[in-house]
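Colleague: I'd like to go through this model with you and hear the reasoning behind the labels. Can you put it up?

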Amino acid sequence: MRSRVVGTGSAVPDRVLNNHDLEKMVDTTDEWITTRTGIKERRIASSDDFTSTLATRAALNALDMAGIEPAELDMIIVATVTPDYPFPSTAALLQNNIKAVNASAFDISAACSGFVYAASIVDKFIKSGTVKNALVVGSEILSRIVDWSDRNSCLLFGDGAGAVVLQADNGNSGILDTFMMSDGSNWDLLYQPAPGNRNPASYKVVDERLAFIRMQGNEVFKLAVRAMEDAAIKALAAGHMTPADVDLFIPHQANRRIIDAIGKRLGIPAEKVYVNIERFGNTSSASIPIALDEANRKGLIKPDNILLLDAFGGGMAWGAVTIRW
Ligand code: ACO
């Protein structure tokens, strides 16, 4: 039994914030941002966009492509670090929005690796025969937890959602192998101090800007390159493959230099690497499913193609998924 991708979808807010807009907000330049990150612009949610509403739009696109009714879904997982509420889950809100009345619905927190982790979890449920149709969504409104006065981090992030419908199938297409790994010893390289029970709502949270992302970018950069290379090789090796077998590499879109370094280490030529970071920045758990949906709708993925999805993020958590299309 395999988990076949039968639908992809995505949704991003309309508002574009480009590097020249950022020049007016912090001490930076378009040239610095472009050469250090590859990002030219990112999408920013309006006041009536929420993680659940972006997730809903992406999910409906994916379900429409799959030709599946929401009531046919058995499981919904939303990967997010920017939920609408601490509880209930954003997946519960999404379930209600699309009326997926026969599904279990829950969130997972694995930061930028959230989509890869969620797809890996669903794959195990499908392979065990428990789930037939599942919806996996990565959705984020990072603009609300970005410190817009911190030039080291604010330029990196953007908002958006991506979704995939996975269906149990007896053929050769679908998820081949998955790899997941974490290193909690480096949790404080990238985190949001509040809200949470260490720093409950208080004036201190506001005064000390605790509700915004804290990041040691340089350290994250080095770990990301090593870990994503390792995850890719392990997921491929589990299926007796090497990077030479990959037709399309869809890495988490964190930094153009990270993507280029991993492509080089793996020996995957640039034309097989999907990159859209220049338009969206880092949308955390949404970055891989948005890229997958774009590649799919552009017709870049052919039957039997081998796809490699590869992610790294806060936790630290990393992982990879191989798919035969
Ligand atoms: N504009 C102009 N100058 C800047 C800016 C800015 N926005 N930000 C930093 N600088 C300066 C620094 O102050 C420093 O100056 P100094 O040499 O006088 O001290 C200089 O530029 C170099 O700074 P570095 O931090 O060394 O720059 P680096 O090349 O590492 O790039 C960046 C920083 C873009 C954050 C990079 O480290 C990065 O992308 N790291 C990965 C972080 C990441 O992706 N986090 C997201 C979540 S995890 C993930 O998705 C993988």
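Colleague: How do the residues that line the largest pocket divide by class?

Modeller: This is a predicted model, to start with. The lining of the largest pocket divides into 21 nonpolar, twelve polar and four charged residues. That makes 37 lining residues, and Val81, Ser109, Ile145, Gln192 and Pro195 are the ones nearest the centre of the pocket. Two elements, β5 (104–108) and β9 (190–191), give two or more residues each to that lining. The space in the largest pocket comes to about 1,200 Å³.

Colleague: And what makes up the lining of the second largest pocket?

Modeller: At least two residues each come from α2 (30–37), α7 (217–238), α8 (256–266) and β12 (306–313). The largest share, six residues, is from α7. The second largest pocket has a volume of about 580 Å³. Its lining counts 26 residues, with Leu156, Met215, Gly217, Asn218 and Asn255 closest to the centre. By class, 14 of the lining residues are nonpolar, nine polar and three charged.

Colleague: What is the volume of the largest cavity, and which residues line it?

Modeller: The volume of the largest cavity is about 50 Å³. A cavity is a set of points where a 1.4 Å probe fits but cannot get out, and the whole structure has one cavity of 30 Å³ or more. Its lining consists of Val5, Phe115, Ala119, Val136, Val164, Leu166, Ile175, Leu292, Leu309, Val321 and Ile323. By class that is eleven nonpolar, no polar and no charged residues. At least two of the lining residues come from each of α5 (114–127), β7 (159–169) and β13 (317–324).

Colleague: Let's turn to the rings. Why is the pair of Trp187 and Tyr191 called edge-to-face?

Modeller: Two rings pair if their centres lie within 6.5 Å, and planes over 60 degrees apart count as edge-to-face. The centres of the Trp187 and Tyr191 rings are 5.1 Å apart and their planes stand at 75 degrees, so the pair is edge-to-face. It is one of two aromatic pairs in the structure.

Colleague: Are those two residues buried or exposed, and how do you know?

Modeller: Neither label applies. Buried means under 20% relative accessible area and exposed means over 50%. Trp187 has 48%, so Trp187 is partly exposed. Tyr191, at 29%, counts as partly exposed as well.

Colleague: What about Asp260 in helix α8: why is that residue called partly exposed?

Modeller: Because the relative accessible area of Asp260 is 38%, and partly exposed covers what lies between 20% and 50%. The C-alpha atom of Asp260 is 9.7 Å from that of Val275, which is 15 residues away along the chain.

Colleague: Now the backbone. What makes Ser284 one to look at?

Modeller: Ser284 has a positive phi of about 55 degrees although it is not a glycine. Most residues other than glycine have a negative phi. Ser284 sits in the loop between α9 (277–280) and α10 (287–297). With 2% relative accessibility against a cut-off of 20%, Ser284 counts as buried. Lys99 also has a positive phi, about 60 degrees, without being a glycine, and its place is in the loop between α4 and β5.

Colleague: Which peptide bonds before Pro88 and Pro195 are we talking about, and are they cis or trans?

Modeller: The bond from Phe87 to Pro88 is cis, with omega near 5 degrees. The bond from Ala194 to Pro195 is cis too, again with omega near 5 degrees. Most peptide bonds are trans. Pro88 is in the loop between β4 (75–79) and α4 (90–98), and Pro195 is in the loop between β9 and α6 (203–207). Pro195 is also among the residues nearest the centre of the largest pocket.

Colleague: Last one, on the whole chain. How do you know that the radius of gyration agrees with a compact globule?

Modeller: A compact globule of 325 residues would have a radius of gyration near 20 Å, and the chain has 19 Å, so the two agree. Along the principal axes, the C-alpha atoms fill a box of roughly 55 × 45 × 35 Å. Of the residues, 57% count as buried. Among contacts with a separation of 6 or more, 77% join residues 24 or more positions apart. The secondary structure comes to ten helices and 13 strands.

Terms used. Residues are numbered from 1 along each chain as its sequence is written. This is a predicted model: local features need pLDDT of at least 70, side-chain atom pairs count only at pLDDT 80 or more; totals for chains, interfaces and linings use all residues. Side-chain values use heavy atoms; hydrogens and water are left out. On a 1 Å grid over the protein atoms alone, a cavity is a set of points where a 1.4 Å probe fits but cannot get out, and a pocket is an open set with protein on both sides within 12 Å along at least five of seven lines; lining residues have an atom within 4 Å of a point. Grid points are joined across faces, edges and corners, and a volume is the space filled by probe spheres set on the points. Helices (H or I, at least four residues) and strands (E, at least two) are DSSP runs, numbered from the N terminus. Ala, Val, Leu, Ile, Met, Phe, Trp, Tyr, Cys and Pro count as nonpolar, Asp, Glu, Lys and Arg as charged, and the others, Gly among them, as polar. Rings of Phe, Tyr and Trp (its six-membered ring) pair if their centres lie within 6.5 Å; planes under 30 degrees apart count as stacked, over 60 as edge-to-face and the rest as tilted. Buried means under 20% relative accessible area, exposed over 50%, partly exposed in between (1.4 Å probe, protein chains only). The radius of gyration is taken over C-alpha atoms; the globule rule is 2.2 Å times the number of residues to the power 0.38. Contact means heavy atoms within 4.5 Å.
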